[in-house]
Amino acid sequence: MRRQAAIFSALLAALALPGSALAAEAPASGDTDSATVGIIGTVPAMCFGGTLTGDGTFDLGVLVDLTTGQLRTDLSAPNKLLVGSFCTSRSSITVSATPLEAQNYTAAAPNGFSRVVHYQASAAGWTALPATYNTGAASNAAATQSRSTAFTGDITVAISNFSTAGGASLRLVGDPSYRGVVTVTLAAVN
Amino acid sequence: MRSLLLLPLLAVAAPAAAQSLTTVTTLPVTGSVPQVCAMQQGAIQSGSLVNVAGLDGDTLRIIQFVDPATLSVKAASATISFEAVCNFPHAVRVESSNNGLWPVDGRITQVPGGFAYAVPYTAQVTWGVANAQFSADAKTRRIAQQTINVEAPAAGQLNLRIEIAEGASNVENRAPVIAGTYVDTVRIFLEPR
């Protein structure tokens, strides 16, 4: 908004000068005259992240097999849809995420246990290749994807590939609240 | 005379608040891990059997309970391992139904002097960082139990070592034992503190 206000001010200043010059002109004396009016409109580079379907939370429920205490192998959550996203110029989409961490059991997990679950987050539909981010990876080269044109469409955000930090044999410490966050960023490029 | 008027017309439609050079959408990911204790079926620890035939279902059967020459109790021991997990600070409770090995036949009421009519034993529990010994002293026939608090989650093998000492008796050491079938039931609980 601040940027748009600045553009507006600049244009008004441009308008003031020709206006003053016009006021000093003598009235037209011929039988024909014409004037040219230039019209300028500006569409700033901007993005809209879309309207989220559902409640916006990936709720995985119970994370462990209750007979073993180990991470369930069938974990899943419905995809989220960002409907009507758009960018008015070329753009980039970036996905990042934080691992699921026990919120109450904050001490270091004892031997044989973990308090962190890693996963992969992806954002598809905006670029040819989805942007992906794995919370357990040392680097995430595919986290940012670019497109060279303006675009509007839906973005599908998904999480998958869950794993226990430290190894699959570890159990998760009991905690009623494990929490992580997926962040999707749409950025217009001037 | 022709004049050129540059008249910028600016129609500004106020964009929605979420429209900007960069937009960020955050999506929480949530889950829970209930407090769980689980224990698998027990198995005899290799090499731990002394005068014990093995685990028959969930029963330890002693090969030769008394020395045939003296009728006093012969030593016997066995270690049973249970794969177990408790993912929260918890307690392990050992409970004996009889507080020792007592005759199945409750009709044995007349006990001649000098004879043992119950046999004590010990149960050693090793679990995580906890290590405790429970003594079923066979002084009285009752439910006896011992609880050990475990301050952290634990996973792995819970070992229960049952040991009957040579000559164990509820009267004098090495006393002869009255004829009968002697039993007890040991239960192990992993539970909230």
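## Strand pairing in chain B: worked exercises

Arg93(B) stands opposite Thr147(B) in β12(B). Let's build outward from that pair.

A note on the model: it is predicted, so local features need pLDDT of at least 70 and side-chain atom pairs count only at pLDDT 80 or more, while totals for chains, interfaces and linings use all residues. Residues are numbered from 1 along each chain as its sequence is written, and chains are lettered from A and ligands numbered from 1 in the order in which they are written.

**Exercise 1.** Place β8 and β12 of chain B in their sheet.

*Solution.*
- Start with the pair: β8(B), residues 90–96, and β12(B) are antiparallel over seven bridges. Strands are DSSP runs of E, at least two residues, numbered from the N terminus; two of them pair if DSSP finds at least two bridges between them.
- Next, the open sheet has three strands, ordered β12-β8-β15, with antiparallel pairing.
- β12 (144–150) and β15 (186–191) of chain B each have a single partner strand, so one side of each lacks a neighbour in the sheet.

**Exercise 2.** Describe the hairpin of β10(B) and β11(B).

*Solution.*
- β10 (residues 121–127) and β11 (residues 130–136) of chain B run antiparallel, joined by seven bridges.
- One partnership links Thr122(B) to Ser135(B) in β11(B).
- Two residues lie between the strands, and Gly128(B) takes a positive phi near 60°.

**Exercise 3.** Judge the confidence of chain A.

*Solution.*
- The average pLDDT (the predictor's confidence in each residue, from 0 to 100) is 87 for chain A, with 85% of the residues scoring at least 70.
- Residues 1–24 of chain A fall below 50.
- Where pLDDT is low, the predicted coordinates should not be read in detail.

Note on methods. Two residues are in contact if their C-beta atoms, placed from the backbone, lie within 7 Å. Helices (H or I, at least four residues) and strands (E, at least two) are DSSP runs, numbered from the N terminus.
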